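Got the viewer open? Here is a short tour, one selection at a time.

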Amino acid sequence: MLIGEVARRSGVSARMLRHYESLGLVRPSGRTGSGYREYSDADIRRILHVESLRSLGLSLREIGRALDDPGFTPSALVGDLIRQTRARIAAQTELLTRLRRIDAADPADWEDALQVVALLHALGSRSADARQRAALSSADEVPVPVEALVEAVLNEPDTNVAGALRWSLARSAGGAEELLAQALDSPVAAVRERAARALAELPDEGAAGRLQEALGHPDAVVRVHAALSLATRGATGAVPVLIDMVVAGRRDTDAADALGALAADRTTADRITAAVTARITEPTTPAAARGRLTQALADVPGQAASRALTELARDEDRAVSLTAAYLLRLRGGTG
């Protein structure tokens, strides 16, 4: 088959076929009496192999080595191509993310744009001091996009820097609650905790809604941050989780304080008292937890709490009865 017909059937131009020949990739097996190149079926198959490997992103030099190496294994080549492609995608994705964040900051001029770039770069610095300065300055200078702040919060291991980032995020324009809520489902426990803490410090109503949902989260740490934050917002829906915290001894003092703060009216105080005493009387409640629950009634006002303490002062568990009697004396014997 002559070069013109090969070009028509293979879709490879005659010029490219001559280039392949010059590189030694495809050599026609013979010549006609007039000296024209003549390609065999094997030559055509090799042309198709060259084109297939080109479509995978190999250079012509790499294709030549692959086709001529007797020890060539396709699986090794494909594995290497996958690694290279992933690296290129990661680099391009990182660049695209950076460009989107700069665009989201809506810089007014090149000076603002460069300032955003500098802040984004500082947030990714290896220096904790540099990251903290960037976090503190991001709220007062050209604002860093929320997505970048959320990413920095979720990845920040340094306590001081993390606090500065959460402060900056709370002062941002908004939109962080959705991203932080998604991070609550991270497979990494540390990321879930950072997301919960940041979400708990957001002041808007959108964050409160996400925190309500987080009360049922399977991660106890997430539930703790949600309950304590909601308690400061006066949300009585946090009461069951707060009581669970007292039972488990997980930030039980904070939980007890929150229960006392929520008991601002008689109805809520009576509900909290009933819920706490119900847990105290449960047969499965450990002795240490009964003592903590009794102590949690200290700041709950009202006659219902006083009556509950009077009953507990006669409890068979001496630690419970002594705690209840002491709290009654502090209350003057009545609510």
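We'll go through a helix pair, then a second pair, then a single residue.

Before you click, this is a predicted model, where local features need pLDDT of at least 70, side-chain atom pairs count only at pLDDT 80 or more, and totals for chains, interfaces and linings use all residues. Residues are numbered from 1 along each chain as its sequence is written, and side-chain values use heavy atoms, leaving out hydrogens and water.

**Stop one.** Select helix H8 (residues 146-155) and helix H10 (residues 176-183), which pack at an angle of about 35° with axes 10 Å apart. Helices here are DSSP runs (H or I, at least four residues), numbered from the N terminus. Axes are lines fitted to C-alpha atoms over the stretch in contact, with angles from 0 to 180 degrees between N-to-C directions. Now show side chains: Val146, Glu147, Val150 and Leu154 in H8 meet Ala176, Leu179, Leu180 and Ala183 in H10 (contact means heavy atoms within 4.5 Å).

**Stop two.** Keep H10 and add helix H11 (residues 189-200); their axes come within 8 Å and cross at roughly 150°. H10 and H11 are therefore roughly antiparallel (angles over 145 degrees). On the H10 side, pick Glu177, Leu180 and Ala183, which meet Val191, Arg192, Ala195, Ala198 and Leu199 in H11.

**Stop three.** Jump to Leu120 in helix H6 (residues 110-123). Is Leu120 buried or exposed? Leu120 counts as buried because its relative accessibility is 15% (buried is under 20% relative accessible area, exposed over 50%, with a 1.4 Å probe and protein chains only). Finally, add Ala135: Leu120 and Ala135 are 15 residues apart in sequence and 9.7 Å apart in space, C-alpha to C-alpha.

Key
Helices (H or I, at least four residues) and strands (E, at least two) are DSSP runs, numbered from the N terminus. Angles under 35 degrees count as roughly parallel, over 145 as roughly antiparallel, 65 to 115 as roughly perpendicular and the rest as oblique.
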